[in-house]
Amino acid sequence: MRTLEEVQATLEIAKLKEEDLLSTVHCLSFGDNVSSADYCLMELDETLCKHIESGESLVIRGDKDERAVLCSSDKTYDLKIADTSNLLLLVPSCRTPDQLTDNQDSTHVVHTQIWGFCNSYWELRKQRPKLKKLKKLLMENPYEGPAIRGQEENIENRHTMEDLLERIQASEEELKTHLETIHACQIDGYWRVLDFDYEMKLLGHVTQLVDSESWSFNKVPLHSSLEELAPLEPREMIEHCLNCYGERYIESGEVFYALHEDRVCRGLALMLLQNAVKFNLKEFQDVWQQSVPEGMSTRLEQLKGVALVDRTSRPETISLLRVEDLPEDTVDRFNHLFSLREKWTEDDITPYIQDLCGEKQTTGALLTKYARSSMQNGVKIFNSRRPVAT
C-alpha cells in the first residue's frame with residue numbers, strides 16, 4: 001500500500017501541485033481473483049436510470065437464434081457492445097468529489113480495492129419492438145369459434161401473456177398494444193387471434209343487425225346486440241368484435257358503440273381482396289361500397305398499408321398487400337418492395353415504410369438512404385439503389 005510520501009513523490013514526478021488537488025487521495029489496488037469476466041457494464045440514459053431507481057426492472061429478451069434486446073415496461077432497446085481504449089474499473093467504495101465532505105487541511109490517503117474491470121460496455125439504442133413473430137405464433141392456432149358439439153378443441157400452440165413475454169422481443173406495453181392492433185383476445189386465459197373468416201363472420205353479423213334494425217352505425221346498443229346475436233355466436237365474441245371495430249361509450253347509463261367507419265370499411269375490403277390476386281379497381285369499388293352499412297363511405301385512403309392500386313395497368317387494378325406481411329428488417333423490406341414493383345411514387349410507398357421510422361426519423365430520410373429518386377412525367381418516383389433479384 002502506498003504511503004503519503006510515495007503519493008507526494010508521484011505528484012512531483014507528474015509535475016502536479018498538491019494544493020491544486022483535493023485533500024483525499026484514493027490509492028487503488030486489485031483484490032484477489034479479479035477478472036474482466038466477472039462484470040458487464042451497461043450505459044443507461046436518464047430515463048432508464050430513473051426506471052431502475054424507482055424499483056422497476058429491465059429484462060433481456062430473445063431466443064437463441066435472435067440478437068438480444070433490452071426491455072423496460074414500455075420501450076425496447078438494441079444491445080450493442082462498445083469498446084473503449086480506457087480500462088473501466090469497478091470500485092464500489094470509491095467516493096466521487098461531490099461525495100467527499102471532509103474538510104481536512106492536510107492530504108490523506110484512502111486505500112480502495114478494485115472489484116473488477118472491463119474494456120467494453122453495453123450501449124443501448126432505442127429501437128422498434130420486433131412484433132412480426134407475435135402474429136406468426138398466434139396464427140399457429142387461430143380461434144375459429146366455439147367447438148362444435150362432439151369435436152375437441154385444439155389445445156396446442158396456445159400462449160399466455162407470460163409465454164409471449166418470454167418469446168417476443170418487445171416491452172409488455174408494446175406487446176399489449178400490438179395484441180389490440182391485431183384484434184387478439186383472451187380466451188380461457190390464453191391469447192388468441194381470430195381466424196380471419198371467423199372475424200369477418202362476426203363483423204357480418206354486426207353490420208347486418210345494424211342494417212336490419214335501422215340503427216345509426218354511430219349508436220349501436222351493446223345489450224340489444226348481445227340479445228339478438230347470442231343464438232348465433234358467444235356474447236364475448238360479439239362484444240370483442242364491437243371493441244375491434246367501434247368505440248365504446250355510455251349514454252343515460254346504457255353502453256353503446258360508434259362503429260369506426262375506416263375500420264369497418266377496411267375489414268370488409270380485406271374480405272373481398274383476400275381471394276383474388278388482382279381485382280378490377282372500378283368493379284372492386286362498386287362491390288365494396290355495396291358491402292358496407294348504409295351511411296358509410298368507402299375511400300381508397302382507408303386501404304393504405306393493406307392494399308396497392310396499380311394505376312399503370314389497363315384496366316386499373318387493386319391487390320392485397322399488407323404491411324404486416326412484409327419483412328421487419330429495413331433493408332429486406334426495401335428489397336422486397338422493389339421486387340414487387342420497380343418504381344414507386346412517394347404516396348404509394350410511404351404506408352409500407354412508415355413503421356420503419358425510428359425516433360425523429362422521417363420516411364423521406366429512409367427513402368434518401370435506401371432508394372434513388374428521379375422525375376417521371378413531372379412526378380417524383382423511387383427505385384432501388386441496387387439490382388434487385390427477381
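**View 1. Leu 87 sits in strand S5.** This close-up, like the others here, comes from a predicted model. How accessible is Leu 87, in relative terms? Its relative accessibility is 48%, and because residues count as exposed only over 50% and as buried under 20%, Leu 87 is classed as partly exposed.

**View 2. Leu 87 belongs to a nonpolar patch on the surface.** Joining Leu 87 in this patch are Leu 28, Phe 30 and Leu 89. Together, the four residues have about 370 Å² of accessible area. Which strands supply them? Look for strand S1 (24-30) and strand S5 (76-90), each of which gives at least two residues to the patch.

**View 3. Three strands make an open sheet in the order S16-S18-S17.** The pairing here is antiparallel. Strand S16 (344-345) and strand S17 (371-376) stand at the edges; each has a single partner strand, so one side of each lacks a neighbour in the sheet. As a reminder, strands of a sheet pair through backbone hydrogen bonds.

**View 4. Six bridges join strand S17 to strand S18.** S18 covers residues 379-384, and the two strands run antiparallel. To find your way along the pair, start at Ala 371, whose bridge partner in S18 is Ser 384.

**View 5. Helices H13 and H11 meet the sheet.** Helix H13 (residues 363-370) packs on the sheet and touches S17 and S18. The direction of H13 makes about 100 degrees with that of S17. Helix H11 (residues 330-340) lies across S16, S17 and S18, and runs at about 110 degrees to S18.

Technical notes. Residues numbered from 1 in each chain as written. Predicted model: local features only at pLDDT ≥ 70, side-chain atom pairs only at ≥ 80, totals over all residues. Heavy atoms only, no water. Pairing = 2+ DSSP bridges. Helix = DSSP H or I, 4+ residues; strand = E, 2+ residues; numbered from the N terminus. Contact = heavy atoms within 4.5 Å. Axes fitted to C-alpha atoms, helices over the stretch in contact; angles between N-to-C directions. Patch = residues over 30% accessible without salt bridge, like charges linked within 9 Å, V, L, I, M, F, W, Y side chains within 5 Å. Areas by Shrake-Rupley, 256 points an atom, 1.4 Å probe, with all protein chains shown as cover. Salt bridge = Lys/Arg side-chain N within 4 Å of Asp/Glu carboxyl O. Buried < 20%, exposed > 50% of the residue type's maximum accessible area, 1.4 Å probe, protein only.
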